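Biologist: Could you take me through one part of this model up close, the surroundings of the ligand, and then show me how the rest of the fold looks from there? Plain talk is fine.

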Amino acid sequence: DDDNVVTIAEMSPRDGLQNEKQPVDAETKITLVDRLSRCGLRYIEAGSFVSPKWVPQMADSEKVFAGIHRFSGTTYAALTPNLKGWEHAYQASADEVAVFASASESFSQRNLNCDVFTSLKRFASVVQAAKAANKKVRAYISCALDCPFEGPIAPETVGRLTAALLAMGCYQVSLGDTIGTGTPGRVRTLLRALQSVSKSHQLALHMHDTYGQAIANIYVGLEEGIRTLDASVGGLGGCPYAKGATGNVATEDVVYLLEREGLKHGIDLDMLIQTGDWISKQLGKPYNARAGKALQSR
Ligand code: HMG
Ligand code: MG
């Protein structure tokens, strides 16, 4: 039954690499996406169409989309902040796009160079264009628990923004713990506050693991009925506009959790570990997935 099935939205090609200081060539990104597809991941955020001046690492997303092998049944998504981004994503044949709002004004200014209200107007035009082209739009809310500049964010604020994004036509809102400071009790409080504006399938969790709380937060999410989880192989990543932020929760750790808890995920964990290890080596970084390292040393 459906309640037993969890979808992982794989973030590594986008959230995982966007903040990487050293250049990563398009070939490596393409190989990463292809390997992730072979692991069984069915939603892969393959790049973003944002200003290359703001995020140079994503400037070759068009090449990445042109080079990947598309598995049928797999969604290759792109981040788009505005209509210009949507147009590039459409030309690149992204299957879906995602807009990204912030629950705090300060973070919105840093990340999008505009206030939240203005960002919503831009997203509405992205949704309109995407709908006309028969493409779905996902949404993120950054700083859904805490903002690096403003501190704790009230669940009601996230509730209003979630309602606005769903009313606009986004099919799902992914709640971003951008700086990874969230803890399970607060995640539960937030999810319960959102029950009045959304169904659980309209929500996802996007947990950065900076404080080691991501798996605990995700477990609470599962208890509260959330069935879409964002994750990044090898725990790669961080946001350029959130100082000190580390990557999303490692996909390996999430798959291990799901496996042990008897939830269906459709992912080959061994292949995933090889992929996480491989991309970490490509970046000259230690392999950081806890479950991945543990299973490798068995
Ligand atoms: P702006 O400077 O205010 O934009 O930036 P503008 O509309 O004034 O345009 C300035 C220039 O950018 C123009 O070029 C535009 O054509 C160009 P110029 O005339 O100077 O040569 N431009 C674009 N180029 C390519 N693609 C575009 C685009 N739009 C304008 N789409 C803007 C506003 C939104 C563009 C900028 O702030 C931006 O690109 N921000 C993106 C920041 C970003 O990517 N952040 C990381 C992703 S979000 C994240 O990681 C959080 C998340 O993971 C959830 C979580 O963890 O919380 C999702
Ligand atoms: Mg993120």
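Modeller: Sure, and let's start from a single glycine. G176 touches Y140, I141, S142, C143, A144 and H206, leaving aside residues up to four places away in sequence. Keep in mind that this is a predicted model. G176 itself sits in strand β8, which covers residues 172-177. Is G176 buried or exposed? Count the other C-beta atoms within 10 Å of its own and you get 30; 20 or more is enough to call a residue buried, so G176 is buried. You can also look from G176 towards D146: the two are 30 residues apart along the chain, and their C-alpha atoms are separated by 9.4 Å.

Now bring in the ligand. G176 is among the closest residues to ligand 1, together with V50, S51, G85 and S142. Notice that S142 is also one of the residues that G176 touches. The whole shell around ligand 1 has 27 residues. Which elements supply at least two of them each? Those are α4 (83-91), α5 (105-112) and β5 (136-142). The largest share comes from α4, with 3 residues. As for chemistry, the shell has 12 nonpolar residues, 13 polar ones and 2 charged ones.

Two of those shell elements lead on to loops worth a glance. Past α4, in the loop between α4 and β4 (96-102), you'll find S93. Its phi is near 60 degrees, a positive value in a residue other than glycine. S93 is exposed, because just 12 other C-beta atoms lie within 10 Å, and 12 or fewer is the cut-off for that label. Over in the loop between α5 and α6 (116-132) sits N113. The phi of N113 is near 60 degrees, again positive in a residue other than glycine. N113 has 12 C-beta neighbours inside 10 Å, so N113 counts as exposed.

On to the helix pairs. Two packed helices are described by the angle between their axes and the distance between the axes. Take helix α7 (residues 155-168) and helix α8 (residues 184-194): they pack at about 45 degrees, with their axes 9 Å apart. That angle makes α7 and α8 oblique to each other. Their crossing is right-handed. On the α7 side the contact uses P155, E156, V158, G159 and T162, and these meet T189, L190, A193 and L194 of α8. Sorted by class, the contact of α7 with α8 holds 5 nonpolar, 3 polar and 1 charged residues.

Further along the chain there's another pair, helix α10 (residues 251-260) and helix α11 (residues 269-282), whose axes come within 10 Å and cross at roughly 165 degrees. An angle over 145 degrees counts as roughly antiparallel, so that is how α10 and α11 run relative to each other. Here α10 passes α11 in a left-handed crossing. From α10, the residues making the contact are T251, E252, V255, Y256 and E259, while α11 brings L269, L272, I273 and G276. By class, the contact of α10 with α11 has 5 nonpolar, 2 polar and 2 charged residues.

How values were computed: Residues are numbered from 1 along each chain as its sequence is written. Chains are lettered from A and ligands numbered from 1 in the order in which they are written. This is a predicted model: local features need pLDDT of at least 70, side-chain atom pairs count only at pLDDT 80 or more; totals for chains, interfaces and linings use all residues. A residue is near a molecule or strand if its C-beta atom, placed from the backbone, lies within 6 Å of it. Helices (H or I, at least four residues) and strands (E, at least two) are DSSP runs, numbered from the N terminus. Ala, Val, Leu, Ile, Met, Phe, Trp, Tyr, Cys and Pro count as nonpolar, Asp, Glu, Lys and Arg as charged, and the others, Gly among them, as polar. Two residues are in contact if their C-beta atoms, placed from the backbone, lie within 7 Å. Axes are lines fitted to C-alpha atoms, for helices over the stretch in contact, and angles run from 0 to 180 degrees between N-to-C directions. Angles under 35 degrees count as roughly parallel, over 145 as roughly antiparallel, 65 to 115 as roughly perpendicular and the rest as oblique. A crossing is left-handed if the near helix is turned anticlockwise from the far one by less than a right angle, and right-handed if clockwise.
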